[in-house]
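Reader: Hi! I'd like to go through a structure with you, if you have a few minutes. Could you pull it up?

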Amino acid sequence: EWDVFVTGTKNYAGHSLVQIISEGWVLLENWDRPNSSGKSINFIDPNTNKWKQSWAGSYANGNQEFVHGEYKDSALRFEYKTKDAKGNKIIGRFIFYNQGPNQVRQFNETSNDDGKTWTTNYDFTYIRKK
């Protein structure tokens, strides 16, 4: 179980319960924050042999696929594609930074110009509940 804060602050962002399911083959995250909630499943995609996250929850698009996840340099990095409210293509990066056994940083950013510039969507720090 994790309490989640906006990185660098004491501003509460939400609560996360992460469970190992399907005989150890899948991680399930149960996310809850004021005015929204959701779930993600995380697993190794047998087609690519890389991590994949499938998210469904109460936010603008409702669901998202994060693909090509690789753990390197103490971080699990995903890519994704989505569209803005006008239907324009957006690419994204979604990163989990391993900051030890009791802390993880989750960072998400997008680009609407094929990666020339990036906008931070959120930057959260997960602190393990004791």
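Reader: How many bridges do β9 and β10 pair over, and is the pairing parallel or antiparallel?

Author: There are eight bridges between β9 and β10, and the sense is antiparallel. Keep in mind that this is a predicted model.

Reader: Thanks! Which residue is the bridge partner of F107 in β10?

Author: That would be D123. The aspartate also has a side-chain partner: R105 and D123 form a salt bridge, with the closest N and O atoms 2.8 Å apart. R105 sits in strand β9 and D123 in strand β10, so this salt bridge ties together parts that are 18 residues apart in sequence.

Reader: Nice. Is D123 buried or exposed?

Author: D123 counts as buried because its relative accessible area is 19%, and the cut-off for buried is under 20%. R105 has a relative accessible area of 23%, so R105 is partly exposed.

Reader: And what does β9 pair with on its other side, going by β8?

Author: Strand β8, residues 89–98, pairs with strand β9, residues 103–111. That pairing is antiparallel too, over eight bridges. Within it, R93 stands opposite E109 of β9.

Reader: Let's zoom out. What do the strands close into, and in which order?

Author: Ten strands close into a barrel, in the order β1-β2-β3-β4-β5-β6-β7-β8-β9-β10, with antiparallel pairing. On average, neighbouring strands of this sheet are turned by 25 degrees against each other, ignoring direction.

Reader: How many bridges join β1 to β10?

Author: Five bridges join them, and the two strands run antiparallel. Strand β1 covers residues 2–6 and strand β10 covers residues 119–128. Among the bridge partners in β10 are T125 for F5 and I127 for D3.

Reader: Which residue is the partner of F5 in β2?

Author: In β2, F5 has Y12 as its bridge partner. So F5 has a bridge partner in β10, namely T125, and one in β2, namely Y12. β1 and β2 pair over four bridges, again in the antiparallel sense.

Reader: What about the hairpin of β1 and β2: which residue takes a positive phi there?

Author: G8 does, with phi near 85 degrees. The hairpin has five residues between the strands. N11 lies in the loop between β1 and β2 as well.

Reader: How far is N11 from F124, taking the C-alpha atoms?

Author: The two C-alpha atoms are separated by 9.8 Å, while the residues are 113 apart along the chain. As for its surroundings, N11 is partly exposed, at a relative accessible area of 47%.

Reader: Switching to charges. How many salt bridges does a search of the whole structure find?

Author: Five. One of them is between the side chains of K52 and E65, at 3.4 Å from N to O. This pair links distant parts of the chain, with K52 in strand β5 and E65 in strand β6 (residues 63–72), 13 residues apart.

Reader: Which other side chain does E65 contact?

Author: S54: its side chain makes a polar contact with the side chain of E65, at 2.9 Å. S54 belongs to strand β5, residues 50–57.

Reader: Is S54 buried or exposed?

Author: S54 is buried, at a relative accessible area of 17%. E65 is partly exposed, because its relative accessibility is 37%.

Reader: Which residue does K89 form a salt bridge with?

Author: Its partner is D114, with the closest N and O atoms 3.3 Å apart. This pair also links distant parts of the chain: K89 is in strand β8 and D114 in the loop between β9 and β10, 25 residues apart. D114 is exposed, at a relative accessible area of 56%.

Reader: Last topic, I promise! Which residues form a nonpolar patch on the surface?

Author: V18, I20 and L27 form it, with about 260 Å² of accessible area together. V18 is in strand β2, residues 12–21.

Reader: Why does V18 count as partly exposed?

Author: Because its relative accessible area is 38%, and partly exposed lies between the buried cut-off of under 20% and the exposed cut-off of over 50%.

Notes. Residues are numbered from 1 along each chain as its sequence is written. This is a predicted model: local features need pLDDT of at least 70, side-chain atom pairs count only at pLDDT 80 or more; totals for chains, interfaces and linings use all residues. Side-chain values use heavy atoms; hydrogens and water are left out. Patches are made of residues with over 30% relative accessible area and no salt bridge: like charges are joined within 9 Å, nonpolar side chains (Val, Leu, Ile, Met, Phe, Trp, Tyr) within 5 Å. Accessible areas come from the Shrake-Rupley method with a 1.4 Å probe; for residues, only the protein chains shown count as cover. A salt bridge is a side-chain nitrogen of Lys or Arg within 4 Å of a carboxyl oxygen of Asp or Glu. Buried means under 20% relative accessible area, exposed over 50%, partly exposed in between (1.4 Å probe, protein chains only). Two strands pair if DSSP finds at least two bridges between them. Axes are lines fitted to C-alpha atoms, for helices over the stretch in contact, and angles run from 0 to 180 degrees between N-to-C directions. A polar contact is a pair of N or O atoms within 3.5 Å; within protein, one must be able to donate a hydrogen and the other to accept it, and residues adjacent in sequence count only if both atoms are side-chain atoms.
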